[in-house]
Amino acid sequence: MSDERRLLEAAQAGDEDAFAGLIAPYRTQLRAHCYRMIASLADADDALQETMLRAWSGLARFESRSSLRSWLYRIATNVSLRIIEQRPKRVLPIDYGSATDPHAALDEPLTESIWLEPYPDAELGIDAALLGPDARYEQRESIELAFAAAFQHLSARQRAVLILRDVLGFSARETAEALETTPVSVDSALQRAHKAIEKRVPAQTQQATLRALGDGELREIVNRFIDAWERNDVDAVVAMLAEDARMAMPPWPSWYSGRDAVEIFLRGWPLSARKRWQLLPTGANGQPAVAGYLWDEQASAYGAETIIVLTLRAANIEEITAFRSPKLFPRFGLPKQLPT
């Protein structure tokens, strides 16, 4: 008898420790699945928690006609769909409105829950592999910012079909069972989802870009960015940007398009002479990222300010997405303050 079968039988008999052991191999990827569906860290955690509760309460009725993995993803998908019905669509500023004049004042931040959030690499629990013969996307590709944002432009059910089929590698039959529909309907929804996604994601994924660069060159790019930012060296940062680079800063809806516009904004606020920064390397959505700490005179310390995710095109920075939310730092395993 396999270990999973032994744990399953013990859990079905009411052993909570056995249930914890049974579910443990799936928790991290289930959380990532909920994030792909919802694009929110907090909501993904809520979805995972409800999935675990529903799995525990329904385990006695699980008859192994499908795999445990398939059963768990069915629960997680339907929990996520219910949450999506109650929440606004998550977007990035670039999808919310037009680019901002860099000479104009920042728009007021929008605090309601409409912004896509970054996902810590440390919580991905996934590699560059495909999960099955039916999967179309690598696991890390499907968590990139471009994909996370593109998923949100699909209807909830198209999103579920695309993720179950192309990311997780479930068959049309398994996906139909999870969504209580037919394989024909699944195939139709998948075709529509493909057309919508292909219009929104780049021809080359970040994972392909990162592999082409190699670990050494990627570290050099991140270190150069950190050094230039900490020195308030706008020229050095701008030299790293692509000509059509963009910068966004949720929850502020303002965003800037083009190297010149980004330069004007950087000089006027983030890298003005009055700002003092310390940056730590991290990772988000399978992409290079840094955690930005801003000097706080009253606290005499550098306080958590922003998680900056970099999108690269070859060795140039194509997009800077600065998630200005200190509450994200604990989720990235980062301190709220840095000493002097």
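Student: Which residues have the most contacts inside the largest nonpolar core?
Tutor: This is a predicted model. Its largest nonpolar core has 77 residues. Helix α2 gives the largest share of this core, eleven residues. The residues with the most contacts inside the core are L116 and I307.

Student: How many residues are in the other core, the one with A228 and L241?
Tutor: That core lies apart from the largest one. Among its residues are A228, L241, M249 and I317. Its size is 34 residues.

Student: L116 touches which residues, not counting those up to four places away in sequence?
Tutor: Start with the aromatic names: Y35 and F323 both touch L116. Then add R90, V91 and L92, followed by L145, A148 and A149. One name is left to add to the contacts of L116: A39.

Student: Is A39 buried or exposed?
Tutor: A39 lies in the loop between α2 and α3. Its phi is positive, about 65°, although A39 is not a glycine. Most residues other than glycine have a negative phi. The relative accessible area of A39 is 1%, and the cut-off is under 20%, so A39 is buried.

Student: Where does N285 lie, and what is its relative accessibility?
Tutor: N285 is not a glycine, yet it has a positive phi of about 55°. N285 sits in the loop between β3 (277-284) and β4 (287-296). N285 counts as buried, because its relative accessibility is 0%.

Student: How do α3 and α4 pack, parallel, antiparallel, perpendicular or oblique?
Tutor: Helix α3 covers residues 41-58, and helix α4 covers residues 68-86. Their axes are 9 Å apart, at an angle of about 130°. That angle falls outside the 65 to 115 range and is not over 145, so α3 and α4 are oblique.

Student: How do the residues of the contact of α3 with α4 divide by class?
Tutor: The α3 side includes D43, E50 and R54. The α4 side includes W71, L72 and I75. By class, the contact of α3 with α4 has eight nonpolar, three polar and four charged residues.

Student: What is the handedness of the crossing of α2 and α4?
Tutor: Helix α2 (residues 16-38) packs against α4 at an angle of about 35°, with axes 10 Å apart. In α2, the contact residues include L22, Y26 and L30. In α4, they include L68, Y73 and I84. The crossing of α2 and α4 is right-handed.

Student: How many nonpolar, polar and charged residues has the contact of α2 with α4?
Tutor: H33 and C34 belong to the α2 side. R69 and T77 belong to the α4 side. The count for this contact is 14 nonpolar, four polar and one charged.

Student: What is the separation of the C-alpha atoms of L110 and S80?
Tutor: L110 lies in the loop between α5 (93-96) and α6 (145-151). L110 counts as buried, because its relative accessibility is 19%. Along the chain, L110 and S80 are 30 residues apart. Their C-alpha atoms are separated by 24 Å.

Student: Which kind of peptide bond joins P250 and P251?
Tutor: P251 is in the loop between β1 (241-249) and β2 (252-257). P251 is also one of the residues that L110 touches. Most peptide bonds are trans. Between P250 and P251, omega is about 15°, and the bond is cis.

Student: T209 touches which residues, not counting those up to four places away in sequence?
Tutor: T209 is in helix α10 (residues 206-230). T209 counts as buried, because its relative accessibility is 3%. The residues that T209 touches are Q204, L312 and A314.

Key. Residues numbered from 1 in each chain as written. Predicted model: local features only at pLDDT ≥ 70, side-chain atom pairs only at ≥ 80, totals over all residues. Heavy atoms only, no water. Axes fitted to C-alpha atoms, helices over the stretch in contact; angles between N-to-C directions. Helix = DSSP H or I, 4+ residues; strand = E, 2+ residues; numbered from the N terminus. Parallel < 35°, antiparallel > 145°, perpendicular 65-115°, else oblique. Contact = heavy atoms within 4.5 Å. Nonpolar A, V, L, I, M, F, W, Y, C, P; charged D, E, K, R; others polar. Left-handed = near helix turned anticlockwise from the far one by under 90°. Core = buried A, V, L, I, M, F, W, Y, C linked by side-chain atoms within 4.5 Å. Buried < 20%, exposed > 50% of the residue type's maximum accessible area, 1.4 Å probe, protein only.
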